[in-house]
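Visitor: Please take me on a close look at one part of this model, and then set that part among its surroundings. I would like to follow it residue by residue.

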Amino acid sequence: MKLVFAGTPEVAVPALDALIASGRHEVAAVVTRPDAPAGRGRRLVASPVAERAEEAGIEVLKPVKPRDEDFLARLREIGPDACPVVAYGALLPRVALDVPALGWINLHFSLLPAWRGAAPVQHAIMAGDEITGASTFLIEEGLDSGPVYGTVTEEIRRTDTSGDLLTRLAFAGAGLLVATMDGIEDGTLKAVPQPADGITLAPKITVENAHVDWSAPALRVDRMVRGCTPAPGAWTVFRGERLKLIHATPVPERTDLAPGELSVGKNNVYVGTGSYAVELLWVQAQGKKPMRAADWARGVRIASGERLGA
């Protein structure tokens, strides 16, 4: 089939690579978000998908909005049979959805209908799910509501951050997307409507959402930190400034600390929660680089009875 691939961040690159390498389908063009400012100089930088497509000699389309007439005209000129999508980052209007004869097929990082929305991996970790996965489905105008072509499953490991899990799903999902394209082309794969039961939503997690509540149980704090790593980053307040929490682990044997209360040893930093303590392993103070929590604690000279939290 002739394909136009839509995607933007690094997590979409494995799927693009897999489609290019398949040898069965032609990736005629790539659609991605416009260049965005990045770094201290805030210079405009192309998306990871745009960079990979340019390396491969594939035409790159960067509409400000996917309803732009110039973009739609070029899409019609290319005449794709189907448009695979991975984390494109913009809503597709009906006028764009109608262009490819076989539709736009999205790779979504959850087992639909669970965790529809922008942050399925983060929400799965924060909810304490043991299993997640990826799904390919036909895009409709509803939020991740279209019929499903296929799924792969993935165990959520005890220490997984959202970054760890998303990396594994990106590669497993890339194979699923290629298999889905193959099955659509040869007519062996039909999309199945999603069940009405089991729908959960996974809206984007903002910085404010990532504020740790030390009165919550230790396992919830642990899931918050892992689910928000690397972005947007779980955080708390220490001496009136934000402290980013990069890596922490529950310590069930420490039950002597009040919520937010700090206990510092030679090489350990513990914080009380609503159940038992967690040990801080890596943190990032405001304006500083990430560092071991024990080094941070030595530097700030934590006094007895000091706490984390507003």
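Guide: Let us start at a turn: in the hairpin of E10 and E11, Arg 239 takes a positive phi near 50 degrees, and 2 residues lie between the two strands. Please keep in mind as we go that this is a predicted model. The strands of the hairpin are E10, residues 234-238, and E11, residues 241-251, and they pair in the antiparallel sense over 5 bridges. One place to look at that pairing is Trp 235, which has Lys 244 of E11 opposite.

E11 also pairs with strand E14 (residues 277-285), again in the antiparallel sense, here over 8 bridges. You can pick out that pairing at Val 251, which stands opposite Ala 277 in E14. In general, strands of a sheet pair through backbone hydrogen bonds, in either a parallel or an antiparallel way.

If you follow the chain on from E14, the loop between E14 and strand E15 (291-292) holds Lys 288. Is Lys 288 buried or exposed? With a relative accessibility of 52%, Lys 288 counts as exposed, because the cut-off for that class is over 50%. For a sense of distance, take Ala 96 as the other end: Lys 288 and Ala 96 are 192 residues apart in sequence, and their C-alpha atoms are 45 Å apart in space. As a scale for the whole protein, the C-alpha trace spans about 70 × 45 × 30 Å along its principal axes.

Now let us turn to another sheet-forming part of the chain. An open sheet of 7 strands runs in the order E5-E2-E1-E6-E7-E8-E9, with mixed pairing. At its edges stand strand E5 (59-61) and strand E9 (148-155), each with a single partner strand, so one side of each has no neighbour in the sheet. From one strand to the next, the twist averages 20 degrees.

Towards the E5 end of that order comes E2. In strand E2 (residues 26-31), 5 of the 6 residues are buried, so E2 is largely enclosed by the rest of the structure. Strand E1 (residues 2-7) runs parallel to E2, and 5 bridges join the two. In that pairing, Lys 2 has Glu 26 of E2 as its bridge partner.

Further along the order is E7, between E6 and E8. What surrounds strand E7? Its 5 residues, 104-108, are all buried, so E7 is largely enclosed by the rest of the structure. In a regular strand, side chains alternate between the two faces of the sheet. Along E7, Trp 104, Asn 106 and His 108 point one way, while Ile 105 and Leu 107 point the other way.

On one side, strand E6 (residues 83-86) runs parallel to E7, with 3 bridges joining them. Here Cys 83 has Trp 104 of E7 as its bridge partner. Strand E8 (residues 131-138) pairs with E7 too, but antiparallel, through 4 bridges. Two residues let you check the register: Ile 105 has Leu 138 of E8 as its bridge partner, and Leu 107 stands opposite Thr 136 in E8.

Cys 83 deserves another glance, because at 0% relative accessibility it counts as buried. Cys 228 is buried as well, with a relative accessible area of 0%. How many disulfides are there in the whole structure? A search finds 0.

E7 also takes part in a pocket: E7 and helix H5 (120-126) each supply at least two residues to the lining of the largest pocket. That pocket has a volume of about 1100 Å³. It is lined by 33 residues, of which Ala 87, Tyr 88, Gly 89, Gly 117 and Ala 118 are the closest to its centre. Sorted by class, the lining has 22 nonpolar, 7 polar and 4 charged residues.

To finish, here is the frame around these parts. The protein has 8 helices and 15 strands, and 48% of its 310 residues count as buried.

Methods:
Residues numbered from 1 in each chain as written. Predicted model: local features only at pLDDT ≥ 70, side-chain atom pairs only at ≥ 80, totals over all residues. Heavy atoms only, no water. Buried < 20%, exposed > 50% of the residue type's maximum accessible area, 1.4 Å probe, protein only. Pairing = 2+ DSSP bridges. 1 Å grid on protein atoms, 1.4 Å probe; cavity = no way out; pocket = protein on both sides within 12 Å on 5 of 7 lines; lining within 4 Å. Points joined across faces, edges and corners; volume = space filled by probe spheres on them. Nonpolar A, V, L, I, M, F, W, Y, C, P; charged D, E, K, R; others polar. Disulfide = S-S within 2.5 Å. Axes fitted to C-alpha atoms, helices over the stretch in contact; angles between N-to-C directions.
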